[in-house]
Amino acid sequence: MGALDYVSGIFDFSSSSSKKKFKKRKQLQTVEIRVRMDCEGCERKVKKAVEGMKDVVQVEVDRKQWKLTVVGYVDPNKVLKRVRWRTGKKAELWPYIPYNTVAHPYAPGAYDKKAPPGYVRNVMDPGAASIVRASSTEERYTNAFSDDNPNACSVM
């Protein structure tokens, strides 16, 4: 805002309704939502629910993975509410991430049998989840034959 705009704003005696209010423009986003779709009718219903929204650029539906992808200048929570309200179906933001981006994909919190192939559940820190650890008995047997242990049994 320049000095002239500031001074003209101070000495502006027009009504407040004529002032321009600038809205912050939303960024282009890709919103992925998981919605159960069994047939073509469900797919059409979900797609129509979102296509009518303002600022939606593109809508893609993958019935096999139960995935709805919306690209546009939209708020993810508004899209989620719209899908729930218009279709009456249970919907959630896409909970899965690609398999190769997780350090421990088979950890109890990350692995999900219902996930599409190549995906696991999006868990912030699967290392914090209870990963299967060796018991103390297993630990003792492993160390008994270790090369690092000087008192180890040397059976060959």
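Colleague: Which residues are exposed on the other side of α2, away from its buried ones?

Modeller: Glu-40 and Lys-48. Exposed means over 50% relative accessible area, buried under 20%, and partly exposed in between, with a 1.4 Å probe and protein chains only. This is a predicted model, in which local features need pLDDT of at least 70, side-chain atom pairs count only at pLDDT 80 or more, and totals for chains, interfaces and linings use all residues. Residues are numbered from 1 along each chain as its sequence is written, and side-chain values use heavy atoms, with hydrogens and water left out.

Colleague: Which residues of α2 are buried, and what makes them one face of the helix?

Modeller: Cys-42, Val-46, Ala-49 and Val-50 are the buried ones. Viewed down the helix axis they fall within an arc of 90 degrees, so they line one face of α2. The arc is taken from the directions that run from the helix axis to the C-beta atoms.

Colleague: What do the buried residues of α2 pack against?

Modeller: They pack against β1, β2 (56-62), β3 and α3. Contact here means heavy atoms within 4.5 Å. Helices are DSSP runs of H or I with at least four residues, strands are runs of E with at least two, and both are numbered from the N terminus.

Colleague: How do you know that the span of α3 is close to what is expected?

Modeller: Helix α3 covers residues 76-87, which is 12 residues, and reaches 17 Å from its first C-alpha to its last, against an expected 16 Å. The expected span is 1.5 Å times one less than the number of residues. For α2, also with 12 residues, the reach is 16 Å and the expected value is 16 Å.

Colleague: Which residues of α3 are buried, and why are they placed on the same side?

Modeller: Val-79, Leu-80, Arg-82, Val-83 and Thr-87 are buried. Their arc around the axis is only 160 degrees, which puts them on the same side of α3. On the other side, Lys-81 and Trp-85 are exposed. The cover over the buried residues of α3 includes β1 (29-35), α2 (40-51), β3 (67-72) and β4 (91-93). Just after the helix, Gly-88 takes a positive phi of about 75 degrees.

Colleague: Why is Arg-34 called buried?

Modeller: Its relative accessibility is 17%, so Arg-34 counts as buried. Arg-34 lies in strand β1. Not counting residues up to four places away in sequence, it touches Trp-66, Lys-90, Ala-91, Glu-92, Leu-93, Trp-94, Pro-95, Tyr-96 and Lys-114.
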